[in-house]
Amino acid sequence: MTEPVVHDTFVIEREYPAPPERVFAAWADPAIKVRWFVGPDEFVQNPLSLDFRVGGREHIDGGDPGGPVHSYDAEYREIVDNVRFVTTYTMRMDDTLASVSVATLEFEAIDGGTRMTMTEQGAYLIDGDTGPKSRLDGTNGLLDQLGVELARSAAGR
C-alpha cells in the first residue's frame, strides 16, 4: 500500500552575531559549509558537492554504518547575494524518494548581527525518519551547527 503524502510548512528564525555577508557565505562557500552541514557524529558521510549559483546543484549523502543512505540533492533557483536564496531539493533513503521541498532563506541585518529566516515547504512521501517532525528537528540541529561554525570562525579572525 502506498503511504499518503504529508504536506508541511515550517518557519525557523535564528539570530547570529555575525553580519549577513558571513552568514550567507557559510551557505554559499563549500569550504565553510562542509564544516557544519554534516550529519550526527556516527554518520559516515561522503564529500559535499556544491555549485552555488542559479541552476547550480548540491549533493551530499551518508548515514549510519550499515543503515540506509540519506541523499540530499538540491538545485538553486534564485540567489540575491547576502539577502536570500531559494532552493528545491529531494531527500532519498537508499533508492526511495522520501521528500521534495522548497526552501527559502532570508538574511536581514539587525543590530549585532543577522536575523536568518528559513521557510520550508515539503511533500513527505514516506514516514519515519523522513517525516516533518524529523526534518524540523534535523534542520534545527544543522542551524545549531551553523551557529557553532560562525562563532568558531569569528574567534579565529
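Here are some notes on the charged pairs, the aromatic side chains and one glutamate in this predicted model.

1. Salt bridges overall. The count for the structure comes to 13 salt bridges. A few are worth walking through one at a time, along with how accessible each partner is.

2. Glu78 and Arg84. These two form a salt bridge, with 2.8 Å between the closest N and O atoms. Glu78 has a relative accessibility of 29%, so it goes down as partly exposed. Arg84 falls in that class too, partly exposed at 30%.

3. Lys133 and Asp137. Have a look at helix H3, which covers residues 132–155 and holds both of these side chains. They are 4 residues apart, about one turn of the helix, and they meet in a salt bridge with an N to O distance of 2.6 Å. Lys133 is exposed, with 60% relative accessibility, while Asp137 is partly exposed at 41%.

4. Glu149 and Arg152. Helix H3 also holds this pair, here 3 residues apart, again about one turn. The closest N and O atoms of the salt bridge are 2.7 Å apart. Which of the partners is buried? That would be Glu149, because its relative accessibility is 2% and the cut-off for buried is under 20%. Arg152 is partly exposed, with a relative accessible area of 46%.

5. A shared network. Going beyond single pairs, Glu13, Glu15, Glu108 and Arg115 are joined into one network by salt bridges that share partners.

6. Aromatic pairs. Searching the whole structure turns up 12 aromatic pairs. In one of them, the ring centres of Phe24 and Phe52 are 5.6 Å apart and the planes are at 85°, so this is an edge-to-face pair. The pair links distant parts of the chain, 28 residues apart: Phe24 is in helix H1 (residues 20–28), and Phe52 is in the loop between strand E3 (49–50) and strand E4 (57–63). Both rings belong to buried residues, Phe24 at 4% relative accessibility and Phe52 at 18%.

7. Trp36 and Phe37. Here is another edge-to-face case, with ring centres 5.5 Å apart and planes at 85°. Trp36 is buried, with a relative accessible area of 1%, and Phe37 is buried as well at 11%. Phe37 has a charged visitor too: Lys33 lies over the face of its ring, at 4.3 Å from the ring centre.

8. The aromatic cluster. Both of the pairs above are part of a single aromatic cluster. Its members are Phe24, Trp27, Trp36, Phe37, Phe52, Tyr72, Tyr76, Phe85, Tyr89 and Phe107.

9. Glu58. This one sits in strand E4 and counts as buried, at 2% relative accessibility. What does the side chain of Glu58 make a polar contact with? The partner is the side chain of Tyr76, at 2.3 Å, and Tyr76 is itself one of the aromatic cluster members. Leaving aside residues up to four places away in sequence, Glu58 touches Lys33, Phe37, Leu48, Ser49, Leu50, Tyr72, Asp73, Ala74 and Tyr76.

10. Tying points 7 to 9 together. The contacts of Glu58 include Lys33 and Phe37, and Lys33 is the residue placed over the face of Phe37. Tyr72, another residue that Glu58 touches, is in the aromatic cluster along with Phe37 and Tyr76. When going through the model, I'd view these residues together.

How values were computed: Residues are numbered from 1 along each chain as its sequence is written. This is a predicted model: local features need pLDDT of at least 70, side-chain atom pairs count only at pLDDT 80 or more; totals for chains, interfaces and linings use all residues. Side-chain values use heavy atoms; hydrogens and water are left out. A salt bridge is a side-chain nitrogen of Lys or Arg within 4 Å of a carboxyl oxygen of Asp or Glu. Buried means under 20% relative accessible area, exposed over 50%, partly exposed in between (1.4 Å probe, protein chains only). Rings of Phe, Tyr and Trp (its six-membered ring) pair if their centres lie within 6.5 Å; planes under 30 degrees apart count as stacked, over 60 as edge-to-face and the rest as tilted. A charge sits over a ring if NZ of Lys or CZ of Arg is within 6 Å of the ring centre and within 35 degrees of the ring normal. A polar contact is a pair of N or O atoms within 3.5 Å; within protein, one must be able to donate a hydrogen and the other to accept it, and residues adjacent in sequence count only if both atoms are side-chain atoms. Contact means heavy atoms within 4.5 Å.
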